[in-house]
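Colleague: I've got a two-chain model open and I'd like to learn how to read it. Could you walk me through it, feature by feature?

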Amino acid sequence: MSDKHLSTQFDAELSGISNRVLEMGGLVESQVAQGIYALTHFSLETAEQVLKTEDRVNQMEVEIDRDLTAIIARRQPTARDLRLLIAVHKTIANLERVGDEAARIARIVQRLVNNGVSSRLPTFDLGVEADLAIAQLRKALDAFARLDTAKALEVLKQDDQIDREFEGLLRKLITYMMEDPRTISASIDLVFVAKAIERVGDHAKNLSEAIIYIVKGTDVRHASMEAVEDAVR
Amino acid sequence: MSTITLPENPPPLKAQSKNLDFYYGDFKALKSVSMPVYEHKVTALIGPSGCGKSTYLRCYNRMHDLYPGNRYVGEISLMPDGVNVLAPQVDAIEVRMRISMVFQKPNPFPKSIFENVAYGLRVRNERSRSFLEDRVEAALRGAALWEEVRDRLDEAGSNLSGGQQQRLCIARALATDPEIILFDEPTSALDPIATGAIEELIGELKQKVSILIVTHNMQQAARVSDYTAYMYLGELIEYGDTKDIFMKPKRKETEDYITGRFG
């Protein structure tokens, strides 16, 4: 038995949806990267770019949802086809929120620059956390493209690293604020940025859980790491 | 090798086949099929043409007896007594009183509505008019047909619409108070509304009887059944809870079939 449906049209519809999810993923991934660049280089121009992309991302979420609903109505998909569509529905919601986090970062950059911040602000430290989160997102999107559960599992296991980076940043910023209270306002903004990056990591995690659901049919949300490893085996 | 997933807390068993083989002459149409039929549940048989689902269904009421050269090997036990309905010494007519069948093409007898339903009881030598009237009414009510025909019970069954005829056949099947009703593609010849009415009826009937249904329509199997069996080339490939079969089947063959990947 082949992997293709008897209906080539159905095949085309499903791969069309998957491709657009990856396109949306690529878009929000670059939004986050640009947001961090805007922060570390105090670039209003790049921040503006990020915000311009938001509309396109939101529109993609709506379009993909509409199309997947139409597929469900017309094709009555079952088993792995059904799981794919359910997972896509969740995935695009997660990707849209990644876009929101990037936009949040961009708006903070605008605020910081317009308030004339000190270049001594430890913005570069956020770069490490950001690199981790972006790498997680990229890995999750790769795993989605290949329906690779082993890769998805790696993302789940590495999420802790981002949390630890975030906690480290928090401590650093608190020290910074205590040393110079004039930096409190800007430092709090940086905490928000760090939190936004941490959430990007969480969304990459959600994506990975969705991939395991598609391939294995097991819902591993809220499950222990042991249970997830069992499901992937 | 069959992949059978039984429920964790299984309902009471109404019947089961054990290593059932069936031969049309030399052709082995069923290969060691073992499967439960749970009480007051609907079990659906799905699979491509020629997979043996109708052949399997027709073992339950000994339909194959009607043609020479057919041979059953194995057992179908009917509970609670555990009798093997395939045993030659068991009377096929008695089996058909306990296990009725509804066919794909509505096939009322060339008789009145009343006589169609009363037929099985008359074969059992029931003669009391009032008894027959009560049972006919109960059966027609059970088939959701009574209100439509109560004033014309003496009319020919063939005067009814396709959907009504099929419900008449269900009433006929109900009249003998069967324990199992076998449905062989009961709605293939009906329009969507009549189909919906029959599916609704099946949902109600299972409170009183156990049901085994063969259907080409996978969505119908998904809608009406509690358990689903996927068959291919005479073998039972997979059996399980309908939700699991349609959301997360265990065998690739099952998934390929239900998702339309026929190759």
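**Reading the model, piece by piece**

Modeller: Sure. Start with a proline: B:Pro80 sits in the loop of chain B between strand S5 (70-78) and strand S6 (83-84). Keep in mind throughout that this is a predicted model.

Colleague: What kind of peptide bond joins B:Met79 and B:Pro80?

Modeller: Check omega. Here omega is about 10°, so you read the bond between B:Met79 and B:Pro80 as cis.

Colleague: Okay, and phi? Which residues should I look at?

Modeller: Look for positive values, and note whether the residue is a glycine. A:Phe42 is not a glycine, yet its phi is positive, about 45°. A:Phe42 belongs to the loop between helix H1 (8-40) and helix H2 (44-75) of chain A. A:His222 is another non-glycine with a positive phi, about 65°, and its loop runs between helix H6 (184-216) and helix H7 (225-232) of chain A.

Colleague: Why does A:His222 count as exposed?

Modeller: Count C-beta neighbours; 12 or fewer within 10 Å means exposed. A:His222 has 7 other C-beta atoms within 10 Å, so it is exposed. A:Phe42 has 15 within that distance, so it is partly exposed. A:Glu229, in helix H7 of chain A, also counts as partly exposed because it has 14 C-beta neighbours inside 10 Å.

Colleague: While we're on A:Glu229, how far is it from A:Glu129 in space?

Modeller: Compare sequence separation with C-alpha distance. A:Glu229 and A:Glu129 are 100 residues apart in sequence and 26 Å apart in space, C-alpha to C-alpha.

Colleague: Zooming out, how many helices and strands does chain A have?

Modeller: Chain A has 7 helices and 0 strands, which along the sequence reads α-α-α-α-α-α-α. Its C-alpha atoms fill a box of roughly 70 × 40 × 20 Å along the principal axes. Of its 233 residues, 39% count as buried. Take the contacts in chain A between residues at least 6 apart in sequence: 78% of them join residues at least 24 apart.

Colleague: How do I check a single helix, say H3(A)?

Modeller: Compare its end-to-end reach with what you'd expect from its residue count. H3(A) has 36 residues and reaches 53 Å from first C-alpha to last, close to the 52 Å expected at 1.5 Å a residue. After H3(A) comes A:Gly116, with a positive phi near 65°.

Colleague: Does the same check work in chain B, for H6(B)?

Modeller: Yes: the 13 residues of H6(B) should span 18 Å at 1.5 Å a residue, and its end C-alpha atoms are 18 Å apart, so the two agree.

Colleague: How many residues of H6(B) are buried?

Modeller: 12 of its 13, so H6(B) is mostly covered, given that 20 or more C-beta neighbours within 10 Å count as buried. Among the buried ones are B:Gly163, B:Cys169 and B:Leu174. The cover includes strand S7 (99-102), H3, helix H4 (129-142), helix H5 (146-149), strand S8 (180-184) and helix H7 (192-205) of chain B.

Colleague: At what angle do H3(B) and H6(B) pack?

Modeller: Read the angle together with the axis separation. Helix H3 (residues 113-123) and helix H6 (residues 162-174) of chain B pack at about 35°, their axes 7 Å apart, and the crossing is right-handed. H3(B) brings B:Ile113, B:Asn116, B:Val117, B:Tyr119 and B:Gly120, while H6(B) brings B:Leu168, B:Ala171 and B:Arg172. By class, that contact has 5 nonpolar, 2 polar and 1 charged residues.

Colleague: Why do contact residues on a helix come at those spacings?

Modeller: An α-helix has 3.6 residues a turn, so residues three or four places apart point the same way.

Colleague: And how do H4(A) and H5(A) run relative to each other, roughly parallel or roughly antiparallel?

Modeller: The test is an angle over 145 degrees for roughly antiparallel. Helix H4 (residues 123-146) and helix H5 (residues 149-179) of chain A pack at about 165°, with axes 9 Å apart, which makes them roughly antiparallel. The crossing is left-handed. The pairing includes A:Leu132 and A:Gln136 from H4(A), and A:Ile162 and A:Leu169 from H5(A). Sorted by class, the contact has 11 nonpolar, 3 polar and 8 charged residues.

Colleague: Last one: how many residues does each chain put into the contact between them?

Modeller: Chain A gives 15 residues and chain B gives 14. On the side of chain A, helix H3 (residues 79-114) gives the most, with 4 residues. That side divides into 5 nonpolar, 6 polar and 4 charged residues.

Note on methods:
Residues numbered from 1 in each chain as written. Chains lettered and ligands numbered in written order. Predicted model: local features only at pLDDT ≥ 70, side-chain atom pairs only at ≥ 80, totals over all residues. Contact = placed C-beta atoms within 7 Å. Helix = DSSP H or I, 4+ residues; strand = E, 2+ residues; numbered from the N terminus. Nonpolar A, V, L, I, M, F, W, Y, C, P; charged D, E, K, R; others polar. Expected span 1.5 Å × (residues − 1). Axes fitted to C-alpha atoms, helices over the stretch in contact; angles between N-to-C directions. Left-handed = near helix turned anticlockwise from the far one by under 90°. Parallel < 35°, antiparallel > 145°, perpendicular 65-115°, else oblique.
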